[in-house]
Amino acid sequence: PYYQQYAKYKMDIDVDAKNFTYKGNQTLQYTNNSPDELDVVYFHLYWNAFKAGSMMDQRVQNQGTNADSRLSSKTANGVVSRLASIPKEEEGQQNIKWIKMNGKTLKFEIQETIMKVYLNEKIKPKSTVNFTMEWDANIPMQIRRAGRNNKEGIDMTMTQWYPKIAEYDY
């Protein structure tokens, strides 16, 4: 049968507008409405894609003339990824300081834009747990829908800016 997981976020965010950075504390109430016991969960860290050498940068470079024009520019020598030229201080970045489930520290690993979190206890079907997390982030130069200093003169356009739990379904 159909089910949908439940996620309710509460966040305290401290933005340093001058430096295009912010710090966050997050509480996530998560209800497992699936019939499965979960021993890992995943979070999206979208800002991590906006840097030289990222998987998104490599994909743009490999697409050649078919590359997304928001991510590339055409030159006499072919297509150049805009991500490859982001200055280090303008790269996107989400740094997870720690994550806990029901007050207990969890181990995690970050692979580009995905954080895999190993649970100390399985989340049983129809049960609710609380995740808490602290992180900081660097807002990237705007290349697609979000970032800093867009063409229209907007300092910060914030989408997909917080660690977001990934969908779990059948």
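# Close-up views of a predicted model

**View 1. The lining of the second largest pocket mixes residue classes.** Its residues divide into eight nonpolar, two polar and two charged. Everything shown here and in the views below belongs to a predicted model. The residues to look for are Tyr2, Tyr3, Gln4, Gln5, Tyr6, Ala7, Tyr30, Ile165, Ala166, Glu167, Tyr168 and Asp169. The space that they line, the second largest pocket, has a volume of about 180 Å³.

**View 2. Five strands form an open sheet with antiparallel pairing.** Reading across the sheet, the order is 1-2-10-6-7. Strand 1 (6–16) and strand 7 stand at the edges with a single partner strand each, so one side of each has no neighbour in the sheet. Strand 2 and strand 10 are joined by 12 bridges in the antiparallel sense. On the way across, strand 6 and strand 10 pair, again antiparallel, over eight bridges. Strand 6 also pairs with strand 7, in the antiparallel sense and over two bridges.

**View 3. Ala137 of strand 10 makes a handy landmark for following the bridges.** Tyr22 has Ala137 in strand 10 as its bridge partner. Gln94 likewise has Ala137 in strand 10 as its bridge partner. For another landmark, turn to Lys100, whose bridge partner in strand 7 is Thr105.

**View 4. A second view of strand pairing shows an open sheet of four strands.** Here the order is 8-9-3-13, and the pairing is antiparallel. The edge strands are strand 8 (107–111) and strand 13 (164–165), and each of them pairs on one side only. Between strand 8 and strand 9 there are five bridges, in the antiparallel sense. To find your place along this pair, start at Lys107, which stands opposite Tyr118 in strand 9.

**View 5. The largest nonpolar core has 28 residues.** Phe43, Ile123 and Phe131 are the residues with the most contacts inside this core. At least two of the core residues come from each of strand 2 (21–32), strand 3 (38–44), strand 6 (93–101), strand 9 (114–123) and strand 10 (127–138). Which strand gives the largest share of this core? That is strand 10, with five residues. As background, nonpolar side chains in soluble globular proteins tend to be buried together.

**View 6. Phe43 and the residues in contact with it.** Neighbours within four places in sequence are left aside here. Among the contacts of Phe43 are Gln26, Leu28 and Ile99, along with Met133. Phe43 is also in contact with Thr113, Ile114, Met115 and Val117. The run Pro163, Lys164, Ile165 and Ala166 touches Phe43 as well. Two of these residues may look familiar from View 1: Ile165 and Ala166 are part of the lining of the second largest pocket.

**View 7. Asn102 and Lys126, two loop residues with positive phi.** Asn102 is not a glycine, yet its phi is positive, at about 50°. Look for Asn102 in the loop between strand 6 and strand 7 (104–105). With a relative accessible area of 45%, Asn102 is partly exposed. Lys126, also a residue other than glycine, has a positive phi near 65°. Lys126 sits in the loop between strand 9 and strand 10. Is Lys126 buried or exposed? Lys126 counts as exposed, because its relative accessibility is 63% and the cut-off for exposed is over 50%.

Technical notes: Residues are numbered from 1 along each chain as its sequence is written. This is a predicted model: local features need pLDDT of at least 70, side-chain atom pairs count only at pLDDT 80 or more; totals for chains, interfaces and linings use all residues. Side-chain values use heavy atoms; hydrogens and water are left out. On a 1 Å grid over the protein atoms alone, a cavity is a set of points where a 1.4 Å probe fits but cannot get out, and a pocket is an open set with protein on both sides within 12 Å along at least five of seven lines; lining residues have an atom within 4 Å of a point. Grid points are joined across faces, edges and corners, and a volume is the space filled by probe spheres set on the points. Ala, Val, Leu, Ile, Met, Phe, Trp, Tyr, Cys and Pro count as nonpolar, Asp, Glu, Lys and Arg as charged, and the others, Gly among them, as polar. A nonpolar core is a set of buried Ala, Val, Leu, Ile, Met, Phe, Trp, Tyr and Cys residues joined through side-chain atoms within 4.5 Å. Buried means under 20% relative accessible area, exposed over 50%, partly exposed in between (1.4 Å probe, protein chains only). Contact means heavy atoms within 4.5 Å. Two strands pair if DSSP finds at least two bridges between them.
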